[in-house]
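Reader: I have a chain on my screen and would like to talk it through with you. Could we go over how its parts fit together?

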Amino acid sequence: MMRNFTQSPVRSGAVSRRGVLAAALGSAVIALIAPLPALALDANAAKAHVQVTIDEVLALVQAAGNQGVKPKDFRALLEKRTAMPQIARFAAGPLWREMSDAQQSSYTGAFSHYVSTIYAARFQEYSGQTVDIGGANDRGKRGIEIASTVSGGGQVQVKVDWLVSDRPGRTVIADITIEGVSLLITQREEIAGIHRKQGSIDAMIDFLSSV
């Protein structure tokens, strides 16, 4: 099934060049899978979850029109479709263990704000891309991987795989891989880079909150 999206120039880098649509979705919807019993997820349910997520983002973009997607609206969508606290924790990597309880709480909120603000802005300039959802592959305990291609908007067709899991107790997108590049890992690297640049956990939190 095909869905139309817009195209936007984004920062340089392999992920940005290869799939701006999936990059914007992916950094927003990657979820850490908790070691809980799996539910009865099947290929059809996994495909439906990917499609509904894409449709909801598209509806938000269309409703926003020329005004652009508001970060608070995009954040509400993310918190509905993803496990945002777990996403933030995974992205923090080893830094999470260095944080106090208060810092963990502040960081989680700041991370959600940062992701919502950055990617809501990127969706403002999209036009002409489509997502064609393909087959499903069972990845065992990791979940079900849904293949897709992103095309249109004057760009070369891009292969995008969506890993869907219900191990957190609800269905989530656990990772998105764009031409072999995992956005789960990319997000962690980005946060690590921000921490290095800012010099401390508190400064990193302040930066994420200020975007």
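Reader: How do the axes of helix α4 and helix α7 cross, and are the two helices roughly parallel or roughly perpendicular?

Author: Happy to start there, keeping in mind that this is a predicted model. Helix α4 covers residues 71-81 and helix α7 covers residues 101-123, and their axes come within 8 Å. They cross at roughly 115°, and an angle from 65 to 115 degrees counts as roughly perpendicular. The crossing is right-handed, and the arrangement of α4 and α7 is therefore roughly perpendicular.

Reader: Which residues make the contact, and how many of them are charged?

Author: From α4 come P71, F74, R75, L78 and E79. On the α7 side you will find G109, S112, H113, V115, S116, T117, Y119, A120 and F123. By class, the contact has seven nonpolar and five polar residues, and the number of charged ones is two.

Reader: How do α3 and α4 run, roughly parallel or roughly antiparallel?

Author: The axes of α3 and α4 come within 11 Å. Their crossing angle is roughly 170°, and angles over 145 degrees count as roughly antiparallel. That is why α3 and α4 are described as roughly antiparallel.

Reader: What residues meet there, and how many are charged?

Author: α3 brings H49, V52, T53, E56, V57 and L60 to the contact. Its partners in α4 are D73, F74, L77, K80 and R81. Sorted by class, five are nonpolar and two are polar, while the charged residues number four.

Reader: In the largest nonpolar core, which helix gives the most residues?

Author: That core has 30 residues, and F74, Y107 and F111 touch the most other members. The elements giving two or more residues to the core are α3 (43-64), α4, α5 (84-92), α6 (95-98), α7, α8 (183-198) and α9 (201-210). With eight residues, the one that gives the most is α7.

Reader: What does F111 touch, and which residues of α5 are buried?

Author: Leaving aside residues up to four places away in sequence, F111 touches M84, I87, A88, A91, Q187, I191 and L208. Looking at α5 itself, the buried residues are M84, I87, A88, F90, A91 and A92.

Reader: What follows α5, and what is its phi?

Author: Just after α5 you will find G93. The phi of G93 is positive, near 60°.

Reader: At what angle do α8 and α9 pack, and which residues meet?

Author: The axes of α8 and α9 are 8 Å apart, and the helices pack at an angle of about 115°. The two are therefore roughly perpendicular to each other, with a right-handed crossing. Seven of the contact residues are nonpolar, two are polar and none is charged. They are I191, I194, H195 and Q198 in α8, and I201, A203, M204, F207 and L208 in α9.

Reader: Is G193 buried or partly exposed, and how far is its C-alpha atom from that of M204?

Author: G193 sits in helix α8. Its relative accessible area is 24%, so G193 counts as partly exposed. G193 and M204 are eleven residues apart along the chain, and their C-alpha atoms are separated by 9.8 Å.

Reader: Where is V160, and how far is its C-alpha atom from that of T149?

Author: V160 lies in strand β4, residues 155-165. With a relative accessible area of 0%, V160 is buried. T149 is eleven residues from V160 along the chain, and the separation of their C-alpha atoms is 5.6 Å.

Reader: Where is E179, and what is its phi?

Author: E179 is in the loop between β5 (172-178) and β6 (181-182). E179 is partly exposed, at 38% relative accessible area. Most residues other than glycine have a negative phi. E179 has a positive phi, near 50°.

Reader: To zoom out, how many helices and strands are there, and what share of the residues is buried?

Author: The protein chain has nine helices and six strands. Among its contacts with a separation of 6 or more, 66% come from residues 24 or more positions apart. Of the 211 residues in the protein chain, the buried share is 49%.

Technical notes:
Residues numbered from 1 in each chain as written. Predicted model: local features only at pLDDT ≥ 70, side-chain atom pairs only at ≥ 80, totals over all residues. Heavy atoms only, no water. Axes fitted to C-alpha atoms, helices over the stretch in contact; angles between N-to-C directions. Helix = DSSP H or I, 4+ residues; strand = E, 2+ residues; numbered from the N terminus. Parallel < 35°, antiparallel > 145°, perpendicular 65-115°, else oblique. Left-handed = near helix turned anticlockwise from the far one by under 90°. Contact = heavy atoms within 4.5 Å. Nonpolar A, V, L, I, M, F, W, Y, C, P; charged D, E, K, R; others polar. Core = buried A, V, L, I, M, F, W, Y, C linked by side-chain atoms within 4.5 Å. Buried < 20%, exposed > 50% of the residue type's maximum accessible area, 1.4 Å probe, protein only.
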